[in-house]
Amino acid sequence: MTDRCNLRCVYCMPAEDVHWIPREDLLTLDEILRVVEAGAKVGLSKVRLTGGEPLVHPDILDLVNGISRLEGIEDVSLTTNGMLLERLAPRLAEAGLKRVNVSLDTLQPEKFKKITRFGNLSRVLAGIHAAEQSGMLPVKLNAVIVKGVNDDELIDFAQLTVEHAWHVRFIELMPIGNEGNWGTGFPSHGQRYYSVQEMQARLAPLGILPTSSPVGNGPARSYTIPGALGTIGFISPLGDHFCQSCNRLRLTADGHLRPCLFSRDEVSVREALPSGAGMIDLLQTAVALKPAGHHLELSALTSNSNRIMCQIGG
Ligand code: SAM
Ligand code: SF4
């Protein structure tokens, strides 16, 4: 929806000098709807809104409303840092939003501020509860695990699922975005990667068992602590290629379809925007460009990406 954000997470964006997409290049509400409408005609049924931070977008409620009314669209969800969620959750649910994923990398207020550079943990926790009370279930929490930063909190996060019907997803750090220096107290590039295998070994004392995945779980494999209300997932884009089951297309805020998170290939939808004519062809071209697999190797740990994560959406 936008590359703008009200936070500056160290692994996603540099602290300053971010080159924002010029405002005149951002898709309008109607233009986004035109792309989704064409997609729905050829089988698109699930839409996830992301960014940047989707909740800073002035048209967020209208967009959720517009997309959820399109014929063929069954599921509209959103990924957010949660900072504005407490206030917006009831209206988002009313507009047709089914679920939210809230990014939360630590349960410690000072560490939260350090990772996000401006964030306020209690606001995000209030947002999670508000989403739950508004019926957007199950609430999913995304935690990007970075060695030496938050790997010590894996058990604390997993234990949240005992009493809360939340789905906590542990995500490997991806070499997209800010691969430079994150500032004092953070490990250097090359020392940050923490694999899903390491995460699972750390959680072994909890006796987690495989379980079925909640709705819209994409590539996460799910587990549960026996007797817990919630579940735990692991997303391993580097260690465990799930490319053959990937059915996603990303639409950037400046109107490019991106067939693969890790590939520079893009298809511009601009030429089809004025009337929508030709949009289906462009969508099909983008699907055909989906690669058989990505070429990132664990040892290289660099993506050579032309966009940072806030411009792709995660
Ligand atoms: N601002 C929203 C948020 O933070 O949830 C949505 C956009 S954010 C780019 C989407 C997801 O990408 C977040 O869960 C974030 O943690 C994740 N992300 C960002 N940079 C990442 C990286 N380098 N590796 C792995 N995940 C990353
Ligand atoms: Fe903003 Fe989300 Fe990136 Fe953090 S991860 S800087 S909240 S876009």
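A residue is near a molecule if one of its heavy atoms lies within 4 Å of that molecule. The structure is a predicted model, in which local features need pLDDT of at least 70 and side-chain atom pairs count only at pLDDT 80 or more, while totals for chains, interfaces and linings use all residues. Residues are numbered from 1 along each chain as its sequence is written, and side-chain values use heavy atoms, without hydrogens and water.

**Exercise 1. Ligand 2**

Determine which residues surround ligand 2, and classify them.

Solution. Step 1: the cut-off given above yields C5, L7, R8, C9, C12, M13, G52 and N81 as the shell. Step 2: Ala, Val, Leu, Ile, Met, Phe, Trp, Tyr, Cys and Pro count as nonpolar, Asp, Glu, Lys and Arg as charged, and the others, Gly among them, as polar. Step 3: under this scheme the shell divides into five nonpolar residues, two polar and one charged.

**Exercise 2. Ligand 1**

Describe the surroundings of ligand 1 and its polar contacts (pairs of N or O atoms within 3.5 Å).

Solution. Step 1: ligand 1 has 19 residues around it, the closest being Y11, G52, E53, S103 and M174. Step 2: by class, this shell holds seven nonpolar, 10 polar and two charged residues. Step 3: oxygen atoms of the ligand are engaged by side chains, with a polar atom of Y11 at 3.0 Å and an N or O atom of N142 at 3.3 Å. A nitrogen atom of ligand 1 lies 3.2 Å from a polar backbone atom of I176. Step 4: ligand 1 taken alone exposes 540 Å², of which the protein buries 95% (Shrake-Rupley method, 1.4 Å probe). Step 5: two or more residues of the shell come from each of the strands (DSSP runs of E, at least two residues) β2 (75–80) and β4 (140–145).

**Exercise 3. Helix α4**

Establish how the residues of helix α4 (a DSSP run of H or I, at least four residues) are arranged between its buried and exposed sides.

Solution. Step 1: buried means under 20% relative accessible area, exposed over 50%, with partly exposed in between (1.4 Å probe, protein chains only). Step 2: within α4 (residues 109–116), K111, F112, I115 and T116 are buried. Step 3: viewed down the axis, these buried residues fall within an arc of 120° (directions from the axis to the C-beta atoms), so they line one face of the helix. Step 4: the face turned away from the buried side carries the exposed residues P109 and E110. Step 5: the cover over the buried residues includes α5 (121–133), contact meaning heavy atoms within 4.5 Å.

Note on methods: Chains are lettered from A and ligands numbered from 1 in the order in which they are written. A polar contact is a pair of N or O atoms within 3.5 Å; within protein, one must be able to donate a hydrogen and the other to accept it, and residues adjacent in sequence count only if both atoms are side-chain atoms.
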